[in-house]
Amino acid sequence: MTQIHATRGLRHIILILLATVIIGCAAKSPVPAEQELPLVSIQDIVPRESDGKAEIIIEGSEPLLQYTSFQLTEPLRLVIDIPDADIGKFPDRINVFKGPIIDITPSQLDNIARLEIGLSESAEAKVYQDGGKLMVEFGKPLKAAEKPKPVVPAAPVEPEPSGTAASLVTSVTATASRDGIKVVITGDGAMKPNSFMLEGSRLVIDIPNARSRVRPSVIPVRKGGVARVRVGQHSKPEKKVRIVLDLTRPMEYTAVPEGSRVIVALTPASVERAAPAVTEPAPEIEMAPAPKPRPPVKAEREAIPADETLVTSGKYTGRRISLDLQDADLVNVMRLFAEVANLNMILAPDVRGKVTVRMVNIPWDQAMDIILKMNGLGHIREDNIVRIASITAITREAEEAARAKEAKKKAEDLITRIIPISYSTAAEIESSIKKSLSARGETVVDTRTNTLIVKDIPSHVDEVVTLVKVLDKPIPQVMIEARIVEASTSFTRDLGVQWGGTFSADAAHGNSTGLTFPNSIGVTGGPTMGATPTGAGNYFVNLPAAAGPGAGGALGISFGSLNKALNLDLVLSALEATGEGKVISSPRVSALDNKEAKIEQGQSIPYTTSSASGTQVQFIDAKLSLAVTPHVTPDNKIFMKIQAQKNAADTSLLGAGGQPSIRKNEATTEILLSDGETAVIGGILIIDRGHTIQKVPFFADLPLIGWLFKKKTTRDDKRELLIFITPRIIKQDAI
């Protein structure tokens with residue numbers, strides 16, 4: 001019995017020991033999971049100058065292995081974030097004034113120690129590790145400038161302009177003109193403004209070390225490209241008056257201080273200079289030393305335009321930043337982008353990784369896009385919230401949303417809508433709306449009433465109705481006017497001469513030769529030359545001008561001897577004709593869009609033909625016609641296919657049966673014109689010149705008397721054809 005009790009007691013002791021061990025293990029096991037790694041304490045921040053370069057040495061209680069750096073402008077500064085670090089030892093701003101370094105502003109954001117290094121001018125910065133220390137080295141400034149000399153170690157003060165510095169801004173006025181707008185800022189002393197453009201739509205002008213007494217604080221303008229002027233007071237990180245001009249269009253500006261005033265002149269920006277909206281200086285990001293997050297300052301930062309995209313590409317519009325990351329935690333990098341863009345950001349649990357990049361002067365949204373792609377991630381934008389997850393998760397979410405949407409469509413009730421068609425046919429409209437129906441939708445065409453009956457879920461029916469309203473519109477009508485102008489001039493000059501007669505040497509006229517042979521001589525023109533007007537012999541030279549009744553003129557002279565042994569007839573003839581002609585034909589025709597219209601007018605000329613079957617009469621058309629097919633483009637231009645003809649009978653050239661020939665004038669072309677614009681679609685210019693001389697060889701080339709042996713004819717004819725076309729869109733209210 002005693003042995004049994006001992007055995008039971010031993011069992012109880014063993015059970016108690018096991019329970020103690022289990023409870024102890026259970027109590028200790030969560031400790032490692034709940035313990036946080038200790039933060040590295042920033043022990044020393046030493047700015048110095050070495051070998052003509054300014055540098056900053058940052059030393060911690062343990063080696064600093066990770067860091068993130070990026071540059072911002074307006075004002076110029078370099079921001080360095082050190083994760084898992086504590087900078088509570090440096091609560092105040094550190095004035096430096098070495099090289100381009102003005103000051104260093106430490107702050108704590110959760111477990112991130114941040115150093116904002118203010119710069120007086122742009123300089124190349126290099127951040128690297130050396131023996132566990134973080135080294136920040138600034139090279140030679142990009143623009144040479146004098147270093148500001150250190151003054152009393154309080155706040156950095158820029159050199160004041162001549163005169164007393166303004167401590168109050170007393171008034172702000174805006175005056176608009178045709179060329180732009182002028183804003184005058186008045187203070188109680190000299191002002192040195194800092195101005196920059198924010199997101200291309202706001203001009204910001206800061207007056208440092210001043211207070212505002214401007215009332216009201218919002219000045220409406222609504223002209224000259226400026227909607228309003230807002231005046232506000234800022235006290236952190238430095239006291240200043242901020243004047244914000246809300247712009248309604250891209251503007252160029254100048255801000256010039258003049259005594260106790262600052263003159264801001266704004267003029268509309270040209271397209272070339274206003275286009276690159278990504279180059280504006282970045283607004284300030286004010287950092288407070290307290291660890292709690294700051295509320296966003298709306299006047300200084302603005303979120304990117306809202307959209308819903310998986311991944312962005314192509315055009316980036318974010319403000320430009322520079323990044324230098326070495327093994328930076330991806331989550332902290334995304335937080336940095338959220339702060340820069342003033343967005344709310346949600347990260348999926350599987351978003352993790354390290355980032356090592358160096359990017360200089362690129363838009364922040366492009367930098368984020370590249371980093372996300374490198375890690376197989378994407379983002380979805382919903383208003384001012386950005387969700388970041390893996391591409392697979394986002395794709396799966398989109399597919400599930402599509403399936404849910406499809407299931408919702410299948411559960412919806414069908415409705416029927418009767419849509420009357422006014423300007424088209426229901427059958428033509430039906431083929432265009434088929435793709436807008438769901439799988440359950442159907443359409444019926446009522447040809448008698450030209451009505452379309454649609455049965456589908458409400459959302460698709462509304463889409464069909466909207467599409468029908470867009471398609472069922474009056475067909476544009478175009479009035480086309482052609483003007484065919486024919487102009488002709490003619491000039492003819494004809495100079496001719498005729499002379500002849502007889503000469504006799506015989507006994508009858510008492511002037512024989514006294515020889516046996518030849519005893520008598522008779523001289524006259526050839527028998528084919530024609531008889532002279534007096535009948536005394538024939539012409540020696542018969543080259544008359546084409547003078548006659550109603551044309552030209554002639555002069556006849558006769559010479560003769562008393563014994564009539566010598567008779568001479570001379571006829572001088574001349575003709576000059578000048579003619580001008582002008583024919584204008586102006587056909588007009590109206591046509592529907594993409595429909596051919598044709599108008600013609602003329603006559604049919606008969607002519608006979610002979611064949612084995614006998615004599616037949618056929619007709620050839622001599623007509624004026626215009627055929628055109630217009631098309632009205634969305635920007636109110638008119639594309640036309642045109643064929644214009646002007647065929648007329650030409651009685652100057654007759655056929656074998658006396659029928660006139662046909663003179664053809666035709667133009668076929670395609671042209672694009674604006675509404676009411678006139679263009680020349682074709683033209684023909686014919687110049688016919690002739691110079692003819694008829695003469696007797698040798699004698700016509702003799703000086704002085706050569707003109708008695710030749711005839712001269714000069715001809716100069718011109719014919720010109722021009723075809724004009726003018727289209728006009730007929731307004732619907734005028735139909």
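In which strand does phenylalanine 503 lie? Phenylalanine 503 lies in strand β29, which covers residues 477-505. The model is predicted. In this model, phenylalanine 503 has a relative accessible area of 36% and is partly exposed. Phe503 also belongs to a nonpolar surface patch. The other members are Ile521, Val523, Phe540 and Leu566. Together, the five residues present about 400 Å² of accessible area.

Charged side chains were examined next. A search of the whole structure returns 30 salt bridges. Three pairs are described here, followed by a network.

One salt bridge joins arginine 387 to glutamate 382. The closest N and O atoms of this pair are 3.4 Å apart. Arginine 387 has a relative accessible area of 24%, so the residue counts as partly exposed. Glutamate 382 is likewise partly exposed, at 34%.

A salt bridge also forms between arginine 663 and aspartate 650. Here the closest N and O atoms lie 3.5 Å apart. The partners sit in two strands: arginine 663 in β39 (residues 660-663) and aspartate 650 in β38 (residues 648-654). The pair therefore ties together parts that are 13 residues apart in sequence. Accessibility splits the two partners. Arginine 663 is partly exposed, with a relative accessible area of 36%. Aspartate 650 counts as buried, because its relative accessibility is 16% and the cut-off for buried is under 20%.

The third pair consists of aspartate 675 and lysine 731, whose side chains meet in a salt bridge at 3.8 Å, N to O. This contact links distant parts of the chain, 56 residues apart. Aspartate 675 is located in the loop between β40 (666-674) and β41 (679-695). Lysine 731 belongs to the segment after β42 (710-730). Aspartate 675 has 34% relative accessibility and counts as partly exposed. Lysine 731 is partly exposed too, with a relative accessible area of 46%.

Salt bridges also connect into a network. Glu481, Arg483, Arg588 and Arg728 are linked in this way. The network contains one glutamate, Glu481, and the arginines Arg483, Arg588 and Arg728.

Notes:
Residues numbered from 1 in each chain as written. Predicted model: local features only at pLDDT ≥ 70, side-chain atom pairs only at ≥ 80, totals over all residues. Heavy atoms only, no water. Salt bridge = Lys/Arg side-chain N within 4 Å of Asp/Glu carboxyl O. Buried < 20%, exposed > 50% of the residue type's maximum accessible area, 1.4 Å probe, protein only. Helix = DSSP H or I, 4+ residues; strand = E, 2+ residues; numbered from the N terminus. Patch = residues over 30% accessible without salt bridge, like charges linked within 9 Å, V, L, I, M, F, W, Y side chains within 5 Å. Areas by Shrake-Rupley, 256 points an atom, 1.4 Å probe, with all protein chains shown as cover.
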